[in-house]
Amino acid sequence: MSKRPIVALIYDFDGTLSPGNMQEFGFIQAVGKTPQEFWKMSDGLAAGQDASNVLSYMKMMYDEAKKNGITLRKENFRQFGQHIQLFKGVKEWFKLINEYGNVHGVQIEHYINSSGLKEIIEGSPIAGEFKHIFACTYLYNGKGEAEWPGIAVDYTAKTQYIFKINKGIFSAHDNTKVNESIDEDKKRIPYQQMIYFGDGETDIPCMKIVTMFGGHSLAVFDPDNPVKKPFADKLKRQGRVNFVTPAVYTKDSRTYRVVCAIIDKIKADWDLRQLEK
């Protein structure tokens, strides 16, 4: 029997750890567009053909790169990821929380659950902090060039990764194990030991699931964007999340205080369950 509970911190990426969409930190500029132009085209494609917004942006990236003679290999995406801006304190956040968990007898694991591109996230300065990155990917031909979407993660697809983290499954294509019936005490990370961070509509189903099953969800908001806090407050009023906090990740931040308090609660509840046994 493990003597340390595992606590999973699960993050959306765009708007949660970074103040913008990851495509806006190099890729869109490389294809000669402004972010406003690119997203208008992408959203127009989705609306015009009643298609997935995620698949539409992936096609738009592919088409615009091809028009501009840009080869999309994994290493190209990762180069764009090197320039992603992060919210205050994000780079130091993981060490802070890992240390807090270690001191308080908890094993911390960090996960990404994003509708952005896995290949770009893998190039970001924080890529090595995550146990696993669940996000959109491309399929690549024999030359290593992107040629078709491999995984498209929309707001409902995100929920499957909550169940996979629960059962300790890290394969994107394996749908057999995730649907197997497993006793609650055999699951790797109970929902009660999950903390979900998100900022937008694509996070709502995951927030609701984690909260409904006894975990904790945080709606974070960009403190420099006046439209973000009202949306986060709305999620709190609707019972989608437990906490609202600015997307600031320093040791003196509300985010740090909230997460440490949740970790304390998870550890206390886990200790009580061990005594019951």
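Some questions and replies on the helices and strands of this predicted model follow.

This is a predicted model in which local features need pLDDT of at least 70 and side-chain atom pairs count only at pLDDT 80 or more, while totals for chains, interfaces and linings use all residues. Residues are numbered from 1 along each chain as its sequence is written, and side-chain values use heavy atoms, leaving out hydrogens and water.

Me: Why is the span of helix α3 called close to the expected one?
Reply: The expected span is 1.5 Å times one less than the number of residues. Helix α3 (residues 53-67) has 15 residues, and its first and last C-alpha atoms are 21 Å apart, against the 21 Å expected. Helices are DSSP runs of H or I with at least four residues, and strands are runs of E with at least two, numbered from the N terminus.

Me: What makes strand β2 mostly covered?
Reply: Buried means under 20% relative accessible area, exposed over 50%, and partly exposed in between (1.4 Å probe, protein chains only). In β2 (residues 107-117), ten of the eleven residues are buried.

Me: How do you know that β2 pairs with β3?
Reply: Two strands pair if DSSP finds at least two bridges between them. β2 and β3 (residues 132-140) have four, in the parallel sense, so the criterion is met. Among the bridge partners are Ile112 and Ile133, as well as Asn113 and Phe134.

Me: What makes β4 and β7 edge strands?
Reply: The open sheet of seven strands has the order β4-β3-β2-β1-β5-β6-β7, with mixed pairing. β4 (146-151) and β7 (243-246) each pair on one side only.
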